Each structure stands twice: as structure tokens, then as C-alpha cells.
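Biologist: I'd like to learn how to read salt bridges in a model. Could you walk me through a case?

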Amino acid sequence: MNMQKRYCEKCGNTGVLLDGSLCDCQLNTQEFFGSVSSIDVPELYQGKIFNKLILPRNLPHEYGNLLQDIYDNVISLRWKAHNVILCSPPGAGKSTLAYSCIEGLFRKGVPTLTLFDLFELKRIMLDYDNGRKIAYDVSDPEYVVKAPYLFVRIPRIVTYDTYDCIAYLLDKRVRRNGSTFFLFNGTWEQLIALDKGNVLKNLTGDGSYGTIERSSWEYIPLPQI
């Protein structure tokens, strides 16, 4: 990644001001996309800056606060060695959060990858470890384990291999002090339905070391008018 970086005196290139608000240096998307050539972000999500106000009204306020907290702390590089599984319905802002963070990190020159699903990443890791041609034309496959922040989509159709794959990826990244965010379009109960060996259940904890903090949300009924 070759990007010319300009120093921002207001935020010190953190992207966040002292009051916690986003610095306007993060808003110059025209300059950003003029320099971006090697990060794959769908056009629909390009230039998006995450804000909890974009979330549907029938999601709990606490959910919006959580996603905003993740975004602010990742963009400012304050989030360290912490893992999360975020379970929520489709259309609940997970992809916007991921791509916003990915673009923000890329702009800062922080090693990062675009959003892949769990089994795509496993394929990349296996190709890299075995000296094969890397799948999906990933130019920096080592970022799967070395990038400080990685967003991973868990496929909606869960199989028995899902749990071992999560554990496999997590083990590699925890040993390199990375933070991993697993995104699932469903509830925690749906995710662990096939976890007969308690692989994922035994990984849950506070998100530090080799554990994953679980966070599961659903839509709530809106007041009738």
C-alpha cells in the first residue's frame, strides 16, 4: 500500500478530536478515493462514515452505542487485542461498520483487508501456509493473521466446520495481538445450534486473550402511533 499521508494538526492523524468527535480530515473522501487503489470496497459502501444515527429505529439504543464505540475505538486505534462476535439481523449496520473501519484504517496506512467470510479467509490462510497461489487475488495474505483489526463475516448457513474455523483463525490472530470482529446475520442461539462439541461456547468470555465477547441483538417492536 502506497499512500501519501498528510499530517493533521487538529487530531494528530488519529481521526478523532479531543472531544471524541470525528475530525473533518476524515471527511475528504474525494482525496481518499483518489489515492486508493488496492482495497476492495463495494461501491455501495464507499465513502461511508459510520454513525449510529443511520441504524433502523427498531434496534435498541444500546446496540447503536456499541457499534459506535467499536467504530470510534478502531479508527482511533485505541481498541487493543479484543475479540467480538456481533450477532444481529440483516440490515442492522454490520457491513457499514466494517467497511467504514476498513476504509478508515487503510487511509491511515494501517494493514487491513476487506471484508471476507470465514471460509474465504481459511482458504487464503491454507494457500499461504502451503505456498500455493492465493485465492481471491489477495496481495497481502499475511494480513489475515497480522493485521491489527480484522472484520469477518460468518456465513448465515452454519455448518459443523464453522466452529473449528473460528477457533483456527482466532488462535492465529490472538498470538499476534490482533483484534477480530465476527459478524453474523442472526442470533447467538442460531449461531451455536450445531455446536455439539461446545467449541464456540468454550471460547466465549470477556474478549481478551483467546476468548470472544458475544453480543446478540434483535429488532424490538416500535410504539404504535
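**Reading the salt bridges**

Modeller: Sure, and keep in mind that this is a predicted model. The general idea: a salt bridge needs a side-chain nitrogen of Lys or Arg within 4 Å of a carboxyl oxygen of Asp or Glu.

Biologist: How many salt bridges does that rule give here?

Modeller: Five. Let's start with D127, which pairs with R123 at 3.1 Å between the closest N and O atoms.

Biologist: Where do D127 and R123 sit relative to each other in helix α4?

Modeller: They're four residues apart in helix α4 (residues 118-129), so about one helical turn separates them.

Biologist: Which other residue forms a salt bridge with D127?

Modeller: R132 does, with the closest N and O atoms 3.0 Å apart. That gives you a network of salt bridges linking R123, D127 and R132.

Biologist: And is D127 buried or exposed?

Modeller: Under 20% relative accessible area means buried, and D127 comes in at 1%, so D127 is buried. Its partners read another way: R123 is partly exposed at 44%, and R132 is also partly exposed at 44%.

Biologist: Which residue does K172 pair with?

Modeller: D129, with 3.5 Å between the closest N and O atoms. This pair ties distant parts of the chain together: K172 belongs to helix α6 (residues 161-174) and D129 to helix α4, 43 residues apart.

Biologist: What about accessibility for that pair?

Modeller: K172 has a relative accessible area of 15%, so K172 is buried, while D129 is partly exposed at 45%.

Definitions and conventions
Residues are numbered from 1 along each chain as its sequence is written. This is a predicted model: local features need pLDDT of at least 70, side-chain atom pairs count only at pLDDT 80 or more; totals for chains, interfaces and linings use all residues. Side-chain values use heavy atoms; hydrogens and water are left out. Helices (H or I, at least four residues) and strands (E, at least two) are DSSP runs, numbered from the N terminus. Buried means under 20% relative accessible area, exposed over 50%, partly exposed in between (1.4 Å probe, protein chains only).
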